[in-house]
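Trainee: Could we go through this model slowly, one feature at a time, and could you give the reasoning behind each answer?

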Amino acid sequence: MPSWLPSVPYPPPGQPGFWDPVTSTLQWCEEDYYATYYSAEIINTLTNLMFIYLAYKGVKSCRKHGHDTVFEVAYFGYFLVGFGSFMFHTTLKYPWQLVDELNMIYTTCLMAYASLSYSQPRRTQVYLGVFFVLFCAAITAYYHYLQDPVFHQTVYALLTVFIVFRSIYSMETSLRPSLRKSEEKHRLERKRSGVPDVISKEQQAYENQRDRQILKTMWILVAFGVSIFLTGFYIWNLDNIYCSTLRRWRRSIGMPWGFFLEGHGWWHLMTGIGAYDYIVWGIYLRHVQNGDQEHFRMMWPNFFTLPEVVRMSDPPRDAGMKKATGTDRDVSANGNANGGANGSAKGHVKKRK
């Protein structure tokens, strides 16, 4: 370490700790109790404060701007992931390991339910809810029996990939004019077919341009969120593969500089931001599906700030809604009460829970 940079040497390995003995089935590359007697892995612990802060920020935003309740619940699950991980890395106790890891599954399932149940009849929503509850219970029981972290990581990865691609499909079909049949040729076809209240060419062009811009912004957010998530995963794997080398480097440069070589801590920070971005994306997508693009905007000045969906004006919640029943069709994402009237993104204003 350069002499002009002050540092504190690491203590000898194998320090005793307040929470001894370790009962978790996982051990990370960060050494135990080297910084404090009361926390086994101090950096892996403190980096979870990112989750707790962003959960608070997300819930506050949901209540301030009137986002659907399911996303407030998702932020609560996001908080439990961070809190469970905080306690797990502090104590290295198996019960807190379960709280940490299983809440990742539960929160992802909640977002999957939010996506799949949208605009579905009440009966279908109930079936989906029961399915995900039973699915989470089965995963919990089997993981507790198996106690194999690879099983948890595989299930979480598959769920995440599924919900991301499902949300991409919803985004594209809700916003891309060619997919929601809102191009000029589609407008003319509806007009020739005698469909009443076909919007003007100018209004259609305005809405298409608006939605293309929203789609572009969403794709940038998706790319950023996935990239930072995968980068964190890559760093974590480097931490696992080159653990002995990294530990030697940390000891050679001392504290606090060695803290920057804690790869699992970087995983926490990056996945915290990536997961937060995903929930924001889900919120904005829900407002798009409700036809409320004119009333909500995603504020995201640059990559160094956190995105937020804000209410610009109050949407007309009581106009043109159809009640979801077993036979009636909800107003679709392109704004048509009967599944294809004018291709506009307006008209679907019913708030979903």
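Trainee: At the start of α6, which residue has a side-chain oxygen that reaches the backbone nitrogen of V150?

Mentor: This is a predicted model, in which local features need pLDDT of at least 70 and side-chain atom pairs count only at pLDDT 80 or more, while totals for chains, interfaces and linings use all residues. Residues are numbered from 1 along each chain as its sequence is written, and side-chain values use heavy atoms, with hydrogens and water left out. The name α6 comes from counting DSSP runs from the N terminus, where helices are H or I runs of at least four residues and strands are E runs of at least two. The oxygen comes to within 3.1 Å of the nitrogen of V150, and the residue that carries it is D148.

Trainee: How far apart are the end C-alpha atoms of helix α6?

Mentor: The expected span of a helix is 1.5 Å times one less than its number of residues. Helix α6 has 27 residues, 149-175, so it should span 39 Å, and this agrees with the distance between its end C-alpha atoms, which is 39 Å.

Trainee: What does UniProt list for residues 151-169, and how much of that span is helix?

Mentor: The unreviewed UniProt entry lists residues 151-169 under "transmembrane region", together with other ranges including 218-236; UniProt positions are given in the numbering used here, feature names are shortened, and annotations may be inferred rather than shown by experiment. In the model, the end C-alpha atoms of residues 151-169 lie 27 Å apart, with 0% strand and 100% helix.

Trainee: Why do the buried residues of α2 count as lying on the same side of the helix?

Mentor: Buried means under 20% relative accessible area, exposed over 50%, and partly exposed in between, with a 1.4 Å probe and protein chains only. The buried residues of α2 include F51, L54, V59 and H65. They lie on the same side of α2 because the arc they cover, taken from the directions from the helix axis to the C-beta atoms, is only 160°.

Trainee: Which exposed residues sit on the face of α2 turned away from its buried side?

Mentor: The buried residues of α2 pack against α3, α10, β1 and β2, where contact means heavy atoms within 4.5 Å. The face turned away from that buried side carries the exposed residues Y56, K60, R63 and K64.

Trainee: Which residues have the most contacts inside the largest nonpolar core?

Mentor: A nonpolar core is a set of buried Ala, Val, Leu, Ile, Met, Phe, Trp, Tyr and Cys residues joined through side-chain atoms within 4.5 Å. The largest one has 62 residues, and α2, α6 and α8 are among the elements that each supply at least two of them. Leaving aside neighbours within four places in sequence, one of its residues, M218, is in contact with residues including M171, L175 and W281. Those with the most contacts inside this core are Y75, M218 and W281.

Trainee: Where does L92 lie, and is it buried or exposed?

Mentor: Most residues other than glycine have a negative phi. L92 has a positive phi, near 55°, and it lies in the loop between α3 and α4. At 0% relative accessibility, L92 counts as buried.

Trainee: Which residue is joined to P256 by a cis peptide bond?

Mentor: Most peptide bonds are trans. P256 is found in the loop between α9 and α10, and the cis bond leading to P256, with omega near 5°, comes from M255.

How values were computed. A polar contact is a pair of N or O atoms within 3.5 Å; within protein, one must be able to donate a hydrogen and the other to accept it, and residues adjacent in sequence count only if both atoms are side-chain atoms.
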